[in-house]
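Please look over the sequence and the structure below before reading on. The briefing that follows takes up the domains, then an annotated site, and then two residues of that site one by one.

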Amino acid sequence: MGQRLYVLSSGRLRRQQNTLVLETDEGKRFFPVEQVDEIHVFGEIDLNKRLLSFLTQQRIPVHFYNYHGYYIGTYYPREHYNSGYMILRQAEYYLDECKRLDLARRFVDGALFNLYKVVRYYRNRGKPLENVESSIESHRSRLDDLHDIAALMQAEGQAREAYYSAFDIILDDPDFAFEQRSRRPPRNRINALISFGNSLLYTAVLSEIYHTHLDPRIGFLHATNFRRFSLNLDVAEIFKPALVDRVIFSLVAKKQIQSRDFSEELEGLYLNDRGRRVFLEAWEKRLASTFRHRGLRRNVSYRRAIRLELYKIEKHLMGEKPYTPFHLRW
Amino acid sequence: MSDRITGTLIWYAMICEREVWLMAHEIEPDRDDARLEWGRFLGEMSYPRSRKREISLSGMRLDVVERRGTRLVVGEIKASSRFVEATRMQMLFYLWRLREMGVEAEGELRFPEERRRERVVLDVDAEARLAEVLARVETILEQPLPPAAKRIRYCRACAYREFCWSDEED
């Protein structure tokens with residue numbers, strides 16, 4: 001099983017025979033290519049075509065982030081799993097209004113269930129979250145009555161808004177006041193953490209999609225325009241509460257991330273280098289943590305759970321088994 | 001006969017019918033699976049001294065093709081003899097295909113890790129058994145859905161296990 005290479009420093013990434021080399025001011029670091037599954041580039045990196053062909057041959061996707069840690073794009077090597085059958089099924093489910101709506105509804109339902117679970121968890125620990133909980137539940141219960149994608153997206157947005165209002169109660173830390181969701185730029189620390197975490201989740205799901213027969217450009221809830229990846233956004237909704245939010249709560253509660261880990265720029269607030277390192281470490285740990293999977297009858301990591309989710313979607317598209325989203329069990 | 005049938009499908013037909021359907025629909029198993037990698041490696045690294053050549057014909061990839069005197073021998077390399085009956089059937093399929101092309105050959109199963117070889121000949125009896133399997137594969141391929149997942153001993157070692165058992169409620 002490979003690892004993920006996070007490049008935070010600046011320099012040159014290149015191929016040297018059959019290894020990857022990162023050259024920085026501090027010297028050369030070698031990474032055996034067999035051990036690398038995907039690369040995430042945060043620093044200013046020079047690279048050439050020779051490296052890209054090597055990465056294609058080794059089937060390693062590369063995700064790029066800008067100066068602020070926002071996702072820019074992915075070098076997605078030529079598809080290595082290809083099934084004409086599966087792509088046609090995926091397109092069929094996209095084009096058929098009923099089938100698309102049904103699948104989109106399943107994504108939203110899974111997302112809302114997991115939001116509810118997080119709130120429930122903290123409510124059980126004495127936090128006054130009754131209103132938030134019932135608000136999420138009421139949005140979830142009306143999903144069956146919604147008959148277009150826009151309405152589903154809206155319900156999801158409203159449930160999430162209610163959910164975010166729980167953040168201040170859960171975190172209870174003036175340094176990490178939530179206030180409201182602000183994306184570009186994030187206006188406070190908690191928003192910066194959410195944005196960074198979501199970017200990481202989108203790319204993690206995309207990397208897993210690369211190992212399946214699904215086409216990442218055909219999403220069901222998020223609009224497809226065949227230029228951008230969107231299936232990963234659909235699947236990410238299910239896992240945000242379990243992965244991103246959980247990491248944030250834990251980092252803040254344990255004071256592993258503090259105000260000094262952010263820098264203020266152009267009205268926005270962003271994680272600085274140290275902050276990113278801390279976040280990435282916790283992120284990797286979270287993805288590697290395991291739980292007992294009832295179908296496989298063994299422990300699987302959350303990263304693997306993302307892959308399994310994609311397999312379930314494949315089976316849904318094949319018409320074999322209706323997709324039931326991953327449920328947090330706390 | 002459908003030309004979608006390959007040696008690999010015959011092999012799978014002896015073990016798991018679901019695998020046959022998935023394979024035929026290009027839903028390949030997880031290529032990072034350690035056992036698959038091991039099999040590929042073994043095929044490449046075994047018998048360095050023999051003048052083996054891998055030959056690809058439609059629906060078959062012959063690991064080894066050798067001429068021994070007047071006889072033509074095709075070999076199939078496997079990591080273990082655990083599924084020897086499936087491997088025999090796969091070989092019979094190759095021999096039968098070759099015969100259709102006007103080439104008479106005999107087969108040899110090779111298990112390098114066990115230092116063992118086994119001869120396979122396409123006689124009348126074998127041909128009847130093969131015909132039965134071929135018919136079964138045809139039936140599977142005609143189905144719109146894959147045969148349902150069933151827990152068998154092989155699941156534990158199968159590269160499709162996560163695909164088949166990804167649902168939580170089972």
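**Domains and an annotated site in chain A**

In this predicted model, the C-alpha centres of domain 1 of chain A and domain 2 of chain A lie 28 Å apart. Domain 1 covers residues 3–60 of the chain, while domain 2 covers residues 84–318. A record also marks a binding site, namely the UniProt annotation of that name in an unreviewed entry, and it covers Glu156(A), His222(A) and Glu237(A).

**How the two domains meet**

- Contact between the domains of chain A involves seven residues on the side of domain 1 and twelve residues on the side of domain 2.
- Between them, domain 1 and domain 2 of chain A bury about 960 Å², and 56% of this area is on carbon and sulfur atoms.
- Within domain 1 of chain A, the residues that lose the most area to domain 2 are Tyr6(A), Leu8(A) and Phe42(A), which together account for 52% of what that side buries.

**The annotated binding site**

- According to the unreviewed UniProt entry, the "binding site" annotation takes in Glu156(A), His222(A) and Glu237(A).
- These residues are spread over 82 residues of sequence, and yet they cluster in space, with a largest C-alpha distance of 11.8 Å.
- From this set, Glu156(A), His222(A) and Glu237(A) belong to the lining of the second largest pocket.

**His222(A)**

- His222(A) is placed in the loop of chain A that runs between helix 7 (189–210) and helix 8 (231–239).
- Because its relative accessible area is 16%, which is under the 20% cut-off, His222(A) counts as buried.
- When neighbours within four places in sequence are left aside, the residues in contact with His222(A) are Arg100(A), Met153(A), Ser230(A), Leu233(A), Asp234(A) and Glu237(A).
- With one of these, Asp234(A), the side chain of His222(A) makes a polar contact, side chain to side chain, at 2.7 Å.

**Glu237(A)**

- Glu237(A) is part of helix 8 of chain A.
- The relative accessibility of Glu237(A) is 5%, and therefore this residue is also classed as buried, given that buried means under 20%.
- Leaving out neighbours within four places in sequence, Glu237(A) is in contact with Ala111(A), Glu156(A), Arg160(A) and His222(A), and the annotation described above includes Glu156(A) and His222(A) as well.
- The side chain of Glu237(A) also makes a polar contact with the side chain of Arg160(A), at 3.1 Å.

Key: Residues are numbered from 1 along each chain as its sequence is written. Chains are lettered from A and ligands numbered from 1 in the order in which they are written. This is a predicted model: local features need pLDDT of at least 70, side-chain atom pairs count only at pLDDT 80 or more; totals for chains, interfaces and linings use all residues. Side-chain values use heavy atoms; hydrogens and water are left out. UniProt positions are given in the numbering used here, feature names are shortened, and annotations may be inferred rather than shown by experiment. On a 1 Å grid over the protein atoms alone, a cavity is a set of points where a 1.4 Å probe fits but cannot get out, and a pocket is an open set with protein on both sides within 12 Å along at least five of seven lines; lining residues have an atom within 4 Å of a point. Helices (H or I, at least four residues) and strands (E, at least two) are DSSP runs, numbered from the N terminus. Buried means under 20% relative accessible area, exposed over 50%, partly exposed in between (1.4 Å probe, protein chains only). Contact means heavy atoms within 4.5 Å. A polar contact is a pair of N or O atoms within 3.5 Å; within protein, one must be able to donate a hydrogen and the other to accept it, and residues adjacent in sequence count only if both atoms are side-chain atoms. Domain bounds come from an automatic or database domain assignment. Buried area is the accessible area (1.4 Å probe) that two parts lose on being put together, summed over both.
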